[in-house]
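Visitor: Please take a close look at a single part of this model, and then connect that part to the rest in one continuous account. I would like each term to come with its cut-offs.

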Amino acid sequence: MDTTGTILLPPSGSTIAGDVDAVFNLILYVGTFFFILVIGLAAYFVFKYRRREKPGLTSSIDHNVKLEIIWTVIPAIIVIIFFIVGFRVFLKMNIVPADALEIKVTAQRWMWAFDYPDGVNSLNELVVPADRPIKLLLSSTDVIHSFFVPDFRIKMDVLPNRYTVTWFEAERPGQHDLLCAEYCGKGHSEMLGRIKVVPEEEYESWLQKAFVIDESIPLEEYGTTLYKSKACYTCHTEDGSGSVGPTFKGTFSGDVMLSDGSKVTIDENYIRESILNPRAKIAMGFQPVMPTYQGRLRDREIDALIAFIKSLSE
Ligand code: CUA
């Protein structure tokens, strides 16, 4: 199967991609053929029956039963073929294999959270084993998003107050882009993620590692990696520039004006509260849009992020 992609299609990374492409190509080629046929004939007739010096009488032919049956029956057969071919792939895309590994996907402005079995979770990067069907159970905490992986040819709406399901099976290890395909606000275009397909053994060891925190990494260094892996950077800069949320640079131990007019000092407790209960104390000039990280960060991770923010004020 093609792995590099073409001018029309991205590389194919899932077992369903070849089927989807086959339907796409069938419709494309048949459509192109008839486009050329119809436009070609139209152009030919425009030329052939163009206005002459001395026009003859217009013929009195008004219809042709044989011709009309042909141009009704042939297109009807073609669209029936499209339906049958497309419906078979549609069923395949929508019937999740019984032995699929289930992963919960939660979308919120503007990030993707993944929950694996055994309490492991990740943000913006979905790690899955190759050669194994993966069932995704999707929901949103705020507005409608759409889970779109072009290489896998899957796209599924992600809704608040309702679960949707999709599945895929990646054929080989590799990386694939994950996009949000439903306009969901200011950060929509930055609601990007990655699907990392790894061999089964590597997935198992990743699960183990994700579950056990490596205590040997210094807090500040750990916080720096979390700032990226937990996608804090999508709203908080580390260079002092403005963004959706306050910058992290040079803020620690300073005072911040809150939206209710009161003032607090940015210390460990304020940062911890702002991570777990972001709407408790909103800094003036910012919207209460940060999602809670309750249950998504463990204590050592929060400690690490605090150490990282502190280091930006030294
Ligand atoms: Cu989420 Cu667009």
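Guide: Helices (H or I, at least four residues) and strands (E, at least two) are DSSP runs, numbered from the N terminus. The model is a predicted one, in which local features need pLDDT of at least 70 and side-chain atom pairs count only at pLDDT 80 or more, while totals for chains, interfaces and linings use all residues. Residues are numbered from 1 along each chain as its sequence is written, and side-chain values use heavy atoms, with hydrogens and water left out.

The part to look at closely is the loop between strand 1 (101-108) and strand 2 (111-115), which is where Trp-110 sits. Arg-109 and Trp-110 are joined by a cis peptide bond, with omega at about -5°.

Two other loops show a backbone feature of another kind. In the loop between strand 4 (125-129) and strand 5 (133-140), Asp-131 has phi near 60°, a positive value in a residue other than glycine. Asp-131 has a relative accessibility of 56% and therefore counts as exposed, where buried means under 20% relative accessible area, exposed over 50%, and partly exposed in between, with a 1.4 Å probe and protein chains only. Asn-161, placed in the loop between strand 7 (154-158) and strand 8 (164-169), is likewise not a glycine and has a positive phi, near 65°; with a relative accessible area of 82%, Asn-161 is exposed.

Before strand 1 comes the loop that links it to helix 2, and Ile-95 is found there. Ile-95 is exposed, its relative accessible area being 55%, and its C-alpha atom is separated by 52 Å from that of Val-256, which is 161 residues away along the chain.

Moving back towards the N terminus, helix 1 (residues 17-48) has 32 residues that should span 46 Å at 1.5 Å a residue, and because its end C-alpha atoms are 45 Å apart, the model agrees with that expectation; the expected span is 1.5 Å times one less than the number of residues. Within helix 1, Ala-17, Asp-21 and Val-23 are buried, and helix 2 (65-94) is included in what covers the buried residues of helix 1. Gly-13, in the segment before helix 1, is buried at a relative accessible area of 3%. Setting aside residues up to four places away in sequence, Gly-13 touches Asp-151, Phe-152, Glu-169, Ala-170, Glu-171 and His-176, a contact being heavy atoms within 4.5 Å. From Gly-13 to Val-149, C-alpha to C-alpha, the distance is 9.5 Å, although 136 residues separate them in sequence.

Towards the other end of the chain, Ser-259 lies in the loop between strand 11 and strand 12 and counts as partly exposed at 48% relative accessibility. Leaving aside neighbours within four places in sequence, Ser-259 is in contact with Ile-282, Ala-283 and Met-284. The C-alpha atom of Ser-259 is 24 Å from that of Ile-302, 43 residues apart along the chain. In helix 5 the buried residues are Tyr-270, Ile-271, Ser-274, Ile-275 and Leu-276, and their cover includes strand 11 (255-257), strand 12 (263-265) and helix 6. Helix 6 (residues 299-311) has 10 of its 13 residues buried, so it is largely enclosed by the rest of the structure, and its buried residues pack against helix 4 (219-229) and helix 5 (268-276).

Taken as a whole, the chain holds six helices and 12 strands. Its radius of gyration is 28 Å, well over the 20 Å that the globule rule gives for 314 residues, so the chain is more spread out than a compact globule; the radius is taken over C-alpha atoms, and the rule is 2.2 Å times the number of residues to the power 0.38. The C-alpha trace spans about 95 × 50 × 35 Å along its principal axes. Of the 314 residues, 37% count as buried, and among contacts between residues at least 6 apart in sequence, 63% join residues at least 24 apart.
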